[in-house]
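Please consider the following chain as a structural biologist would, moving from its overall make-up to its individual elements. The account below accompanies the sequence and the structure.

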Amino acid sequence: GVRFPCFNDLFGQPSGLGYYPWIDSKLAPEAGFFDRLNDLYRNFFMYRMMDGMGDLQNAYIEKALGKPVPYWKDLIKESPIYITNSNPYLDFAVPTTAVIVHAGGMTIDLKKMKHVGKLPEEYEPILNERESTVLISFGSVIRSFQMPENFKAGLIKMFESLSEVTFIWKYEQDDEEFQKRLPKNVHLKKWVPQPALLADKRVKIFVTHGGLGSTMEVAYSGKPALMVPIFGDQPQNAYMLERHGGAIAYDKFDLKDG
């Protein structure tokens with residue numbers, strides 16, 4: 001799992017405050033007093049949110065089963081190890097103990113990353129339309145068609161201003177009316193062969209939400225990325241790659257500005 005503050009406490013881990021930034025805070029050494037204050041504020045509310053979510057899930061499972069179940073905090077405290085999806089070569093260095101096992105990147109098949117196979121034929125004419133192509137995907141949990149209308153309008157403004165660039169946008173719904181609002185340099189796809197597109201030199205930039213799977217694919221493929229985190233561990237993932245110079249973290253609320 002992700003090393004959220006409440007899980008760290010249950011495992012007796014030191015606080016990560018001051019070692020990695022929360023969303024809207026600057027990276028060190030530029031971080032100042034208000035950035036540290038923001039980190040403290042967001043850390044507190046993330047703790048309360050995940051703690052409350054654990055209690056709600058516990059109650060829901062008990063209700064569904066019709067009998068008491070072990071309390072989730074007790075189960076975590078009794079666990080001998082905590083396997084995290086952190087890659088120590090990429091992630092921020094934070095205080096830890098031997099019960100933490102970092103397994104981030106274990107899902108990446110390096111041989112497959114180097115030999116992703118041939119792209120579906122439908123993508124060849126799209127990638128050859130212009131010199132540069134940008135891939136946009138916000139993953140499987142956050143669906144683009146449910147994006148707020150002002151965010152969509154900001155993206156359309158950006159598409160129109162970059163008419164010399166082709167955009168492939170993972171958009172999970174057939175919407176003819178929305179398609180009519182888009183300029184000709186935008187192609188909507190309900191699904192995309194992401195690893196194959198990232199391996200293609202004609203794709204210059206990847207716009208992603210910064211989920212762990214996409215973050216690892218960006219890191220291992222070396223493709224420059226604009227990371228627009230939505231929730232959870234995504235802000236930290238975005239800052240993590242920005243720190244290494246492979247990505248730029250972008251505030252989702254700025255999408256409306258195009």
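Helices, in the sense used here, are DSSP runs of H or I with at least four residues, numbered from the N terminus. By this criterion helix 9 ends before Gly 222, a residue whose phi is positive, near 75°. The model in which this is seen is a predicted one.

The chain as a whole may be described next. Its secondary structure comes to 10 helices and 8 strands, and its C-alpha trace spans about 55 × 50 × 40 Å along the principal axes. Of its 258 residues, 44% count as buried. Among contacts between residues at least 6 apart in sequence, 58% join residues at least 24 apart.

The sheet offers a frame for the rest of the description. It is an open sheet of 6 strands in the order 5-4-3-6-7-8, and the pairing is parallel. Strand 5 (186-189) and strand 8 (247-249) form the edges, each pairing on one side only. From one strand to the next, the twist averages 15°.

Within this sheet, strand 3 may be taken as the point of departure. Of the 6 residues of strand 3 (residues 132-137), 5 are buried, so this strand is largely enclosed by the rest of the structure. On one flank, strand 3 pairs with strand 4 (residues 165-170) in the parallel sense over 5 bridges. Leu 135 stands opposite Ile 168 of strand 4, and the bridge partner of Ile 136 in strand 4 is Trp 169. Strand 3 also pairs with strand 6 (residues 203-208), again in the parallel sense and over 5 bridges. In that pairing Ser 137 stands opposite Thr 208 of strand 6.

How does the chain pass between the paired strands, and which helix lies across them? Helix 6 lies across strand 3, strand 4 and strand 5, and runs at about 155° to strand 4. Returning to the pairing of strand 3 and strand 4, which is parallel over 5 bridges, the chain crosses from strand 3 through helix 6 (residues 149-161) to strand 4 in a right-handed β-α-β crossover.

The path continues towards the edge of the sheet. Strand 4 and strand 5 pair in the parallel sense over 4 bridges, and Ile 168 stands opposite His 187 in strand 5. The connection from strand 4 to strand 5 passes through helix 7 (residues 176-181), and this β-α-β crossover is right-handed. Although strand 5 is an edge strand, both of its faces are covered: Val 186 and Leu 188 are buried on one side, and His 187 and Lys 189 are buried on the other.

Helix 9 can now be placed against its surroundings. Its buried residues are Ser 214, Thr 215, Met 216, Glu 217 and Val 218. The elements that cover these residues include helix 4 (110-114), helix 8 (194-199), strand 6, strand 7 (225-227) and helix 10.

Helix 9 (212-221) also takes part in the lining of the largest pocket, where helix 1 (5-10), helix 9 and helix 10 (234-243) each supply at least two residues. Helix 10 gives the most to this lining, with 4 residues. The largest pocket holds about 450 Å³ of space. It is lined by 29 residues, of which Arg 3, Tyr 20, Ser 86, Asp 91 and Gln 236 are the closest to its centre.

Two individual residues complete the tour. Ile 23 lies in the loop between helix 1 and helix 2 (33-65). Not counting residues up to four places away in sequence, Ile 23 touches Asn 38, Arg 42, Pro 235 and Tyr 239. The C-alpha atoms of Ile 23 and Ile 61 are separated by 32 Å, with these positions 38 residues apart along the chain as the spacing in sequence.

Is Thr 84, which lies in strand 1 (residues 82-84), buried or exposed? The cut-off for a buried residue is a relative accessible area under 20%. Thr 84 has a relative accessible area of 3%, and therefore counts as buried. Leaving aside neighbours within four places in sequence, Thr 84 is in contact with Gly 1, Arg 3, Ile 100, Val 101, His 102, Ala 103 and Gly 104. One of these contacts, Arg 3, is also among the residues closest to the centre of the largest pocket.

How values were computed:
Residues numbered from 1 in each chain as written. Predicted model: local features only at pLDDT ≥ 70, side-chain atom pairs only at ≥ 80, totals over all residues. Heavy atoms only, no water. Buried < 20%, exposed > 50% of the residue type's maximum accessible area, 1.4 Å probe, protein only. Pairing = 2+ DSSP bridges. Right-handed = clockwise from strand over helix to strand, strands pointing away. Axes fitted to C-alpha atoms, helices over the stretch in contact; angles between N-to-C directions. Contact = heavy atoms within 4.5 Å. 1 Å grid on protein atoms, 1.4 Å probe; cavity = no way out; pocket = protein on both sides within 12 Å on 5 of 7 lines; lining within 4 Å. Points joined across faces, edges and corners; volume = space filled by probe spheres on them.
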